[in-house]
Amino acid sequence: MSIYDTLNKEQREAVFHTDGPVLILAGAGSGKTRVLTHRIAYLIEKCQINPWNIMAITFTNKAAGEMRERVDDLVGYGSESIWVATFHSTCVRILRRYADRIGFDNNFTIYDTDDQKTIMKEICKKLQIDTKMLKERTILGAVSSAKDELISPVEYDLNSIGDFTKLKISKAYMEYQSVLRKNNAMDFDDLIVKTIELFKNCPDVLKQYQEKFQYIMVDEYQDTNTAQFELIRLLAGGYRNLCVVGDDDQSIYKFRGANIRNILDFEKVYDDAFIVKLEQNYRSTSNVLEAANSVIRNNIGRKEKALWTDKEGGSSLHFRQFDYAYEEAEYIAFDVAKKKRELICDYKDCAVLFRTNAQARILEEQFVKAGIPYDVVGGVNFYSRKEIKDLLAYLKTIDNGKDDVAVKRIINVPKRGIGATTIVRVQEYADSRNISFYDALKEADQIMTIGKSASKLKPFVDMIQIFRSKLEFYGLKELIKDIIDTTGYVAQLEADNDEEAKARIENIDELISKIVSYEEEHEEATLSEFLEEVALVADIDGISKDNNKVLLMTLHSSKGLEFPHVYLAGMEDGIFPSYMTITSDDPAEVEEERRLAYVGITRAKEDLTLSCAKQRMIRGETQYNPVSRFVREIPGELLDNRLPVSKKREFEEYEEASYERAAFKQKPYAGVSRVNREQKPSGAFYSRISQSSQAEAVTSEGNPYQSIVKPKAVVTKPTTNASVKPFIAKQDQLSNIAGISKGAPSVSGTLSYGEGDRVKHIKFGEGTVKAIVEEPRDYQITVEFDDYGTKKMLAAFAKLQKIE
DNA sequence: CGTACTAGTCTTTTT
DNA sequence: GACTAGTACG
């Protein structure tokens, strides 16, 4: 009995076909990690390939660690010499050795999003770019996309001719790259781009890595971008033993430059590619799988696949709709507690997935309330907290004096009486001499323009110099403690003595212990390496399986994971799919959301609950959203509750619950008197909704997916009319929801069109305005559409555009 | 130079 | 709603 006997036929083919280009199309849950690990084992064990000649690229460090572990379990030796890493850490490792060949120091700094923004802000000032018209964010986005596509500043410039905005971006891009170079820094995208540059400029270096990586495997191939593909193509150029694994249906990072063509056109680039499809799903029950299939089927641009399973049936999928978002969260917490209580599963078997990070908060509140242990993946990254960034900036300054961003961040933290003016003067001096900011500081007494402030700069420079020289003798742990003591950073926080300061001190302690454990794991731990590891951690990397906690995370973070019990929260059109993609005129955007839905559904092994709320607070505004189209795409017979949930029955379950909710019991649901009371809409408001829902019923069949942002003014004026029970009784059919959830219109000042004007509607196309009737808060517009006939609609919903 | 308040922005997703 | 950048004032 060999370890390969447990594989199915296709999996074995994928494992045994070791030479030449291979494309493995691996559906969700089809055992692709198993294939990859067995393939590595096979290479080492049966083909006598040295572990150090094998490379595996994964999407996250966590995946890399797990892969190494599993290979270790299979082979028992050598796994530590396999190169298993993400694209980014692969590139950093290469660049740390050879960056000097392309004009950087080998101890270059890696800039995160914050650093990028800081730099871009300065550039905009310098180039006199009006950031009201063209935001730093937008420029950085454009720059990043250009890098993903391997478009250099010069090429970008050539492509910008005649386009005013693009020309500005081009100038900024050019300047941005030169600042980065000057600061001896690279951003995330540069790590890939510069490695390619290195390979193209130094064939000897490329040759060396081509020799090393005789067998290359790439996981999550559908999410690679053009630059990453080029990198792989170069590396595999010697032996051509390139095996990529992916699933076009799970491509969810287009916004980050992922090029789906990489997987769809693999056979064109490598015409001798061996292709194998893994279609048997080992993860989920057939109900879950059928739901996933029926959703993804609605996408047009995909390779046809038929995932199947022999796990017949399983429990049906659950669907629940609630009036308020907090009720939804409360239900999920309650349901998890119930499952735990009834020994159906443990906390760690459950995960709650949602579209946006912001949705985590309301869930957290209810989990705390219910006393359920949970972890939130992502959100505010540990390393992007102020206090952590400050201390890291000290480390960066000590490590790389050319990193102006880091130096400027800490030059006056804690306060040393060094102000903005002084910093500007020093920068001017540095610019005139063409030296770094830090080097300019060293010559403070030469800078005539700063006068007395020079005396404040000297102690700072001395302090940094002393740290540097001490680093020869002590380790990173001593260094960080020395920094904290010398600067009095923690001492000042202690003086503040409030909750926030306490939390910050805790974070700093956490940082210290991270440094300590880093030093324990790495014998020759260097500052540069530590900073690099810190720069490249993903949110998901920190999650440990050993904790018995419910995991809360975005759908994106959930990729590659699986859980027996999965909750998909916020299944509303406008949330998921997001408002942005619904209103976009590119249908491919909704397709990407649908793939995300597919990823979410296929995370579930046994049990899947989909939920949504009719009313939800988003960025301080109350939204009314219809049930997600993705829920509607699931055949009704798979769901246990196709109808909106009966409030009464739900409530009885609450009553039975063993944990106390005394306050709640006294006022069951009437008036929704707990959380959000101040946001509770008035009775008048609700009758208004019903009204509009009836008015909308005429038009809703063509356009049921519209999410509406309701004007604040209406919501924030609560009346104490607690007896109003919002339209629950009316909601006996899912199809009604779309109409009802239209909500109230926003108060539009004036209309940009009048009777007789030609207008355009996002869904119905062009038409002529026939009538405009004024309503209390809006206008009812009658439009005769060229292709859809006459429709009545409210101006605030219809978003009609006048055609000139 | 440092602080406190205000106004504006944001978020869809992240290595 | 939360955070941040910008401004006015001490």
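1. **R619 and the DNA strands.** R619 places a polar side-chain atom 3.1 Å from a phosphate oxygen of DNA strand B. R619 is also listed around DNA strand C, together with K121 and G620. Here a residue is near a strand if one of its heavy atoms lies within 4 Å of it.

2. **Basis of the values.** The model is predicted: local features need pLDDT of at least 70, side-chain atom pairs count only at pLDDT 80 or more, and totals for chains, interfaces and linings use all residues. Residues are numbered from 1 along each chain as its sequence is written, chains are lettered from A and ligands numbered from 1 in the order in which they are written, and side-chain values use heavy atoms, with hydrogens and water left out.

3. **DNA strand B.** The surface around this strand has 26 residues, and H88, R137, R256, R355 and T421 are the closest. Of the strand B atoms that come within 4 Å of the protein, 65% belong to sugar and phosphate. By class, the nearby residues split into six nonpolar, 12 polar and eight charged. The nonpolar set is Ala, Val, Leu, Ile, Met, Phe, Trp, Tyr, Cys and Pro; Asp, Glu, Lys and Arg are charged; the others, Gly among them, are polar.

4. **Phosphate pairs on strand B.** Side chain or backbone: which part of G417 faces a phosphate oxygen of DNA strand B? The backbone does, with an N or O atom 3.2 Å away. R137 uses its side chain instead: an N or O atom there is 2.5 Å from a strand B phosphate oxygen. A polar contact is a pair of N or O atoms within 3.5 Å; within protein, one must be able to donate a hydrogen and the other to accept it, and residues adjacent in sequence count only if both atoms are side-chain atoms.

5. **DNA strand C.** K121, R619 and G620 surround this strand. Sugar or phosphate supplies 25% of the strand C atoms within 4 Å of the protein, and bases supply the rest. For K121, a polar side-chain atom is 3.5 Å from a phosphate oxygen of the strand.

6. **Chain A overall.** Chain A carries 34 helices and 21 strands. These are DSSP runs numbered from the N terminus (helices H or I, at least four residues; strands E, at least two). Of its 804 residues, 55% count as buried. Among contacts between residues at least 6 apart in sequence, 75% join residues at least 24 apart. Contact means heavy atoms within 4.5 Å.

7. **Second largest pocket.** This pocket holds about 1,800 Å³ of space. Its lining has 50 residues, with Y383, E533, V537, D541 and G542 closest to the centre. Which element gives the largest share of the lining? α24 does, with seven residues. Other elements that supply at least two residues include α3 (61–75), β3 (83–86), α4 (87–98) and β11 (374–376). The lining comprises 20 nonpolar, 11 polar and 19 charged residues.

8. **Void rules.** On a 1 Å grid over the protein atoms alone, a cavity is a set of points where a 1.4 Å probe fits but cannot get out; a pocket is an open set with protein on both sides within 12 Å along at least five of seven lines; lining residues have an atom within 4 Å of a point. Points join across faces, edges and corners, and a volume is the space filled by probe spheres set on them.

9. **Cavities.** There are seven cavities of 30 Å³ or more. The largest has a volume of about 70 Å³. Its lining consists of R96, F108, T109, I110, K396, D399, S528, L531, E532 and A535. Four of these residues come from α25, the largest share. β4 (109–111), α17 (386–399) and α25 (527–535) each give at least two. The class split is four nonpolar, two polar and four charged.

10. **Q280.** This residue sits in the loop between β8 (274–278) and α14 (286–296). Q280 counts as buried because its relative accessibility is 12%. Buried means under 20% relative accessible area, exposed over 50%, partly exposed in between (1.4 Å probe, protein chains only). Leaving out residues up to four places away in sequence, Q280 touches N8, G29, S30, W308 and D310. Its side chain makes a polar contact with the side chain of Y282 at 3.0 Å.

11. **N8.** N8 lies in the segment before α1 (9–16). With a relative accessible area of 15%, N8 is buried too. Beyond four places in sequence, N8 is in contact with Q280 and Y282. The N8 side chain makes a polar contact with the Y282 side chain (2.8 Å) and reaches the backbone nitrogen of Q11 at 2.8 Å. N8 and G31 are 23 residues apart in sequence, with their C-alpha atoms 9.8 Å apart.
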